[in-house]
Amino acid sequence: MKLFLSLCCCIGILLSGCDDAYYNDGGLLDNQIGVYEGTTMSYLESQPALFDTLTTLIKLNNMEEEVNRKGSTFFAPQNYSIYNYLLLKYPDPENRPKTLEAIPAGDMAEMAGYISDYIIPNEQIVRSDLSTVYSYSTTLSDKKARFNLVREDYLGNINMGAAYMIYSVNLNPPATPEFYSPAKVVVTDVATTTGTVHVLISDTHIFGFN
Amino acid sequence: MKAIVKGIYFLFWMMTIPVLLMAQGVKSGKVVDQQGNAIVGATIKVKGTTRSAKTDDAGVFTLMLQQGDVIVTSSVGFKATERVYAATDRLLIELEENQSRIDDVVVVGYGSQTRKELTGAVSTLKMEEITENQVAESFESMMQGRVAGVNIQLNSGEPGATPNVIIRGLAAVSRDDGSAISEPLYVVDGVPIISRTSDEFAVTSTNVLADLNPSDIEEVTVLKDAYAAAIYGSRAANGVILITTKKGKRGKPQININSRTGINFVPRLLDVAGGQKEREQVARLYELYAPYGVAMPSMYTDVTNPFYNNSSDWQDYLYNTAVTQDYNASVRGAGDFGQYSVSLGYLDSEGILFNTGFKRYSTMTNTTFNALNNALVINNTLALSRTDQTRNPGNLSTNFSSLMPLPTNPMVAGTEVYGLGKNANVNDRIRFSSDVSWKIVNDLMYKVSLSLEYTRAMRDAFSQSRRTLWGTNESGVGENRNLLFQNTLNYTPRFGDGHSLSILVGQSAEKMESKVTNVSSVASAPLLSTSVKWPGENDIGTSNYGANTLLSYFSRVDYSFQQKYLLGASIRTDGSSKFGQANRWGLFPSVSAGWNFNKESLFADWEWLNNGKIRGSYGLSGTTWDENYLALGLMDGGSLDRYQSLLEITYGGIGGFTPTWYNGFKNEDLTWVKSQMGNIGLDLSLFNNKVEVVVDVYEKLTKGLLLTTALPTTSGYNEVYRNAADVLNRGVEFTLNTNLKSTRDFSWNMGLNFAYNKNRVVALPDGNADIIKISTSGQDFGSIVRSGAPLNGFFFYESQGIYQSEHEIPVDAKTGRRLVGLQNKKLAVGDRNFKDQNDDFIIDVDDRVLAGDPNPKWTGGWTNDFYYKGFSVNLVSTFVIGRDIVNTELLDRLRFGKDFAGTSSMPDFDRYSIWEKSGDQARYPTLNPWNDASQIVNYDSEYVEDGSYFKIKSATLAYTVPKLLLKRIPFDRVRVYCTVDNLVTFQNYSGPDAELVTPDGFDNSGGYPMRRMVLFGLSLGL
Amino acid sequence: MYTNSNTGMKNNILLAALAVLILTLSSCKDWLDELPINTVTEDQAWQNASDAEGAVAAAFSIFRRGLSGLTKDDTPSTTRAGSWGDYYFWGDARSGDWITPNNDGDWQAGFENRLIARTQLEPMTNWRLFYRAIEQCNLVLERVPEINDGFAENRKAELLAETRFLRAMSHFYAARIWGDVPVNLQARNVEPLGREPLNEVMKMVADEVEIALPDLPWEYEDMTRKLSMSRGTKGAALALQAHAYMWLNEYELASDKLQLIIGSEKFDLAPISEFRNLFDKGESNEVVFQLYYDNQFGEFSDYYGHILTYYLTNPYTDRSNLSLAVPKSKILEIFPDYARDGSDKRVAEFFQSIDFSGSASELRPIFDDPLQNGERQIMFAKFRKVKDRSYNRMDSPVPIFRYADLLLLKAEADARLNRLGDAITYLNLVRERADIPRFTREDQPLLIEEILAERRRELIGEYHRVYDLVRLGRLHEFNPFVSEQAEKDGAGFFPVSDEAFANNPNMEQTYYWQFNQ
């Protein structure tokens, strides 16, 4: 009787072992992913597809050292944001400057001011010490900067999903009521040798928080 | 005075006993079968005298016997034996099982015939052997591969799903022409039962026949050809399945208990790219194809976000082993008064997918009373059953992105994988039928039967979104009521030497009513209890009612001369309320003839030929359709839209009727579909019934198939129904059963059957013009019905590989325009290169060619039983050969829309050759999600695969405890067994299981694979 | 004893059996006549007055669904399950004034006039529902005259006139979209019809309305003003006729018809403060003809079915970004007065700026300066709903003709007839209502140009702009993706869908769309 029952069991196990060969596991990201060996500037130059317009603008306004300032945080706008800005700045194609170098000095100075809106000179802002409550700091162009996290849903459970960072700058002059224009951060906490870099969303954010 | 009487009495005995002893003694003996088990109810007769006796429960009998008497012992299912009685004998008579089933009594339409006199193509199947080993929700899945010509496919692994039964080839266009039923007619104990609810009235998707407990079924008979089926007239063209339920047998009351538990294991699942692999694949697609300015969702770019740093195998989490339990108990018995049979059944099979399962509670009582010494026989059957299929609220997808954390991950502790709510599907059925058969004169029998059947399907679904707290609440009740009233007169005289005649005249009236009430409400909390309440404040209800009636007169004459020459003819007229006024009545004649040639003198000395019969038949039977009022031209009062608003019903609060745009306008001459079927068969049983061969050749021409043809858009109507197409099915069926008994203890029974079927459309209206059906994904993908091609034939675009470079795209010399791709797309490098058949430089419907035929050429099964002492091994396998199918499951997963990233799991690209840069020799073209029209098309001849498979469906090892061990315990039959169900599949198809494919050849596994079950069972008989 | 009674008993039992048989035989006549209970067959459908009332209402409800858009329930071969509010995509999308801030590929293809290549846009090229409304009208016109019981004679005439108006309106609306369209004036007409030239269709529309006019009242007594203006009234019919004459360049006839409407004093311009009632509820004397939506009667749309889903965002609906919007630079170009000194009051009524910085799960505040947000972040807010961050119960009626539209049409007609004085007075009625300076220049080309610009301002996002431009052949001036030659070849009209060619050899595609996608 025993022999018979054991025979049945081994048939069962033999045939049914669920082979999980169907799941091609690529594994997890190691936690060193967020570290970049090099300065913030070299990080931007290492990804031309996203930042080559930005790096040229920085160089033209020779703001490298502000960007590479020790212990600073840099919110990098992508090329598409600057592209949309230029479309707005020069609506009709005829008299749009052919190259960045051909941008008149006045406009270039204004763009330098915008670049400094993205630099937090003396503070390392990282995701871990932010929360859904606003926290504040000042930009290089001493405008008020505001940071907060927004949580998404997870499978229909409200506010239990991933959290992403929002970076907003107050555009109104000091005395008037504040108006913060927000931008979502799509790559957070890139630690370079000179500070921290966050990359802003490209399709809905226009360079200079227009 | 008393003493004298006593004395005389004593004296008398003293005188008689020695005489008896000397002349003839009262003897007792026992009749047993080969395994030594007592045979109850065997008759022992002394040849040439009227002295006979029957064995009692223990197989013992007493009989007055004399020296030299010839004792004839016989019993149903055993071979009769003769022995000369010698006083010294120890009367232990062993009977050998009678393998020949020639003189078995076979149930046929409205009566029964001995197999010898059968002239139609009829196959029978004893369910006892099957239900002993296997557990399944529906008896159809147990019949798989056991009857030649009956092709049964299980399309989904979900417990309680409806299998697909096709007898002798497809005779209905199955794509979006739901009205023509290609289902066979199911008849239980002579009464047609509800086997499926039409889509219009379907409330639950559970298999309607799943509530018939297989353990209650004694025998299933399949009437395949016209003669056997025509007696059922306008619903029998697709075959008739007669189910006979178990009845009590004479002798000791048979009490049976059968309990088994099975473990369902998870089979092979869909391939998935996990964790980092998914990120690489998404990044690759964005890098290759994303237009300027479109960025990856932040879950892929934000690499430092801990929430998305996972590699979760969702299928492993959602599919896990489950338990199936099945308990059956029955008490049956018979005596002079009649017979009784009471059975109870409980099946609980959990699905391998979380939160799915199927429960069945069934009970059946069946009593027969013989009155006026067998002149009047009253049969009553009452069957109650309930099936409860639980499913997940809302549509649960099993393929979330592998970057999402599993619910077991601490980051999302306390979250629910499923939305709030439930989705319960409950089907109840009450069936009461009673018939009185009265033998007026010994050969004339009048039978009247009345049957009431009531099914009630209830669905309660409530699902609520946590974000908006808005819940949708749906309760539906669908009821079907069948009434059948039937009178038959049966006259079976025997006269002359060997002439026997059977004349049947009958009338039957049926009324089928169906009613559905659906109430749904949008509310913040579950409002509706299980019973349907009429609408409250913001509930909105709809209801629908349909009824159709059938009135039929039928008669059949069977004549046999010395069981050698057999003739049969039957005719039936059916009138139905569904048919148009113009032709309400249908006529269904059929004739058949048979010749048992082994009885001829010529073959007398072929002793290896125990039985041989040639039979032929020709007849007409019909199929009808679902809609009850199709021919009357129904008006449509509008229906609730998806948000329960009245936009389609009223304008400014005033509602009115519009024509039903889909069924076109009134059409008087719509009638049922006629099938003319011819059948020639050969039955042989050889080597004293050790080998049985049955061969059938048939041709079935189905005329006037119901088809919808499209109308111009300017008419406002979509389609109109017409009796349009004729379809021809030709085939051969072959069955071989052998049972070899080599030594006393070892025997081997083998049953092999296979059937060949060829299906072709032979005639179409409007001068055989193609009928192009518009499918849900656009004009270029509708099915095509073309004369000369098989039904459901694959009319695909002929693939010639992939455009590797610009100059490969043909340019029209005259106009300089490039070839326009499918769905008017501008072709580019990496797109699929379809052949432009008619050189008009545009790929459209005219460029489609026949690329495959999903109807299986060969279907069949092979069962083997080995018996050795108490042990027995049973192997059941089924196979399908010569079938083309398409793995649409994979194609759907490769067809990415513009927001594909992060919404679901990604297939593992390493397993497939996908085109990326020119020069790649790949099977799949570019997967560009931002393409104007996706290049992954189901109708691409590149993806046609061979759908043949050989599947060992179940393997059983059983041990029957021998009699002598049973002395101590109160049971007289104990059997222990272990079965593995869905053991292994041999196929060269890329999808998980070639059986999970719908009749039109597209993979329909829908993510619910077929489980593999290991079952342990114990069956006890008192 | 037993034997003979047996035969006796046997006889009467035989008789009983036969009796039962005969009984069932006789009942077969009515046993097989099964009629539906909860719906009617064609013969039963046209019995009394309420059937007629219901059938005409059903025709209007099909027309309403036709404008909202074709779905899979109407024809399996189309590519979407829910409709988007196609009246916008026919009447406004290609005007060059709109963008899609969230880069939606389908809308972008629509703006760029790639109407065949983009498979998702196929439902908008399919006119099936227009002809379903026409078929329902044909059935009413064929069967209602025979109904007499419970039917007051004038009510029957009113209903038939109203049906004739709706049949003409369906043809007119289809012609504005596809140009040459088939004309079907006969019930159950399954013949494959070819396409009639645009002018023939417009002539037919004008003549049909002429027949219907005498029986149409200005208003129905037993209906509310809102419901009355959602049905066929004399005002709506005259407006339809005027528009048809404008397409035929019959400015004299158009001006006379419009004069009848103005003369009737049934309509007037609602003040700016009443705009919410006008656009959100459709309750205003300015409405001439609209399609009825109302939450109370359960006639509402949700995510699918209404253009509000793509116009509005949080706090009105659950959408967190903008899907369709007018860019800020374009608003300032269309409303120069507002750009100069913020004087045009309509800008605050038609546009709003939302504070997008808050979280998506709360109601976002609205800034008081309508154009405070950036270039791609101004929400088009002409039609609004309850601020409940959901797509539930969207029921603002869809306007077809409005008194302001008719005044401007009258101004254009008079300007083309060189009656500049009248044209300027009617133009200024609309300008005064918007609180912008009166127009005074008596220079014909300049005046026509200004009237066209005023129509662009007043009727923005109200499904008129593209028809005005196509009528005047000037779409190429405003839509960069349509060249002048392309517009001459018919690029301004929508292509005919594949399904129209099924089983219809007489169908042919508009010249431009034969060579372009």
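**Entry 1: chain C against chain B**

I began with the area buried between chain C and chain B, which comes to about 7,400 Å², with carbon and sulfur atoms giving 60% of it. I keep in mind throughout that this is a predicted model. On the side of chain C, I looked up which residues lose the most area to chain B, and found C:W31, C:L32 and C:E34, which together make up 10% of what that side buries. The contact draws on 93 residues of chain C and 76 residues of chain B.

I then went through the polar side of this interface, where I count 19 residue pairs in polar contact, both members at pLDDT 80 or more, and zero salt bridges. The elements that give two or more residues to the side of chain C that touches chain B are the helices α1 (2–26), α2 (28–31), α3 (49–68), α5 (105–111), α6 (128–143) and α23 (511–515), together with the strand β1 (287–291). Of these, α3(C) gives the most, with 10 residues.

**Entry 2: one serine at the boundary of B and C**

Next I picked out B:S645, which I found in the loop between β32 (635–636) and β33 (650–651) of chain B. Is B:S645 buried or exposed? I note it as buried, because its relative accessible area is 0%, and the cut-off for buried is under 20%.

I followed its side chain in two directions. Within chain B, the side chain of B:S645 reaches the backbone nitrogen of B:L647 at 3.3 Å. Towards chain C, a polar atom of that side chain lies 3.3 Å from the backbone oxygen of C:F300. When I left aside the neighbours within four places in sequence, the residues in contact with B:S645 were B:L640, C:G298 and C:F300.

**Entry 3: chain B against chain A**

I turned to the other interface of chain B, where 58 residues of chain B are in contact with 44 residues of chain A. The area buried between chain B and chain A is about 4,300 Å², and carbon and sulfur atoms give 61% of that area.

How many salt bridges does the rule find across the interface of chain B and chain A? I find one, and I wrote down its partners as A:R127 and B:D302, whose closest N and O atoms are 3.2 Å apart. The count of residue pairs in polar contact between chain B and chain A, both at pLDDT 80 or more, is 22. The elements of chain B that give two or more residues to the side touching chain A are β18 (272–274), α5 (276–289), α6 (298–301), α7 (314–318), β51 (973–987) and β52 (1012–1021). The largest share of that side, five residues, comes from β51(B).

While on chain A, I checked the UniProt record, in which an unreviewed entry places "domain: FAS1" at residues 51–200 of chain A. Over this span I read 25% helix and 30% strand, with the end C-alpha atoms 11 Å apart.

**Entry 4: chain C as a whole, and its annotated spans**

I returned to chain C, for which I list 23 helices and five strands. Its C-alpha trace spans about 125 × 55 × 50 Å along its principal axes, and buried residues make up 65% of its 517 residues. Among contacts in chain C between residues at least 6 apart in sequence, 70% join residues at least 24 apart.

The UniProt record, again an unreviewed entry, gives "domain: SusD-like N-terminal" for residues 116–245 of chain C, a span that I read as 56% helix and 0% strand, with its end C-alpha atoms 31 Å apart. The feature "domain: RagB/SusD", also from an unreviewed UniProt entry, is placed at residues 378–513 of chain C; there I read 46% helix and 6% strand, and the end C-alpha atoms lie 34 Å apart.

**Entry 5: helix α8 of chain C**

I closed with helix α8 (residues 198–212) of chain C, and tested its length: at 1.5 Å a residue its 15 residues should span 21 Å, and its end C-alpha atoms are 21 Å apart, which agrees.

Which residues of α8(C) are buried? I listed C:L198, C:V201, C:M202, C:M204, C:V205, C:A206, C:E208, C:V209 and C:A212. An α-helix has 3.6 residues a turn, so residues three or four places apart point the same way. The buried residues of α8(C) pack against α7 (153–178) and α10 (234–247) of chain C.

Definitions and conventions
Residues are numbered from 1 along each chain as its sequence is written. Chains are lettered from A and ligands numbered from 1 in the order in which they are written. Side-chain values use heavy atoms; hydrogens and water are left out. UniProt positions are given in the numbering used here, feature names are shortened, and annotations may be inferred rather than shown by experiment. Helices (H or I, at least four residues) and strands (E, at least two) are DSSP runs, numbered from the N terminus. The expected span of a helix is 1.5 Å times one less than its number of residues. Buried means under 20% relative accessible area, exposed over 50%, partly exposed in between (1.4 Å probe, protein chains only). Contact means heavy atoms within 4.5 Å. Buried area is the accessible area (1.4 Å probe) that two parts lose on being put together, summed over both. A salt bridge is a side-chain nitrogen of Lys or Arg within 4 Å of a carboxyl oxygen of Asp or Glu. A polar contact is a pair of N or O atoms within 3.5 Å; within protein, one must be able to donate a hydrogen and the other to accept it, and residues adjacent in sequence count only if both atoms are side-chain atoms.
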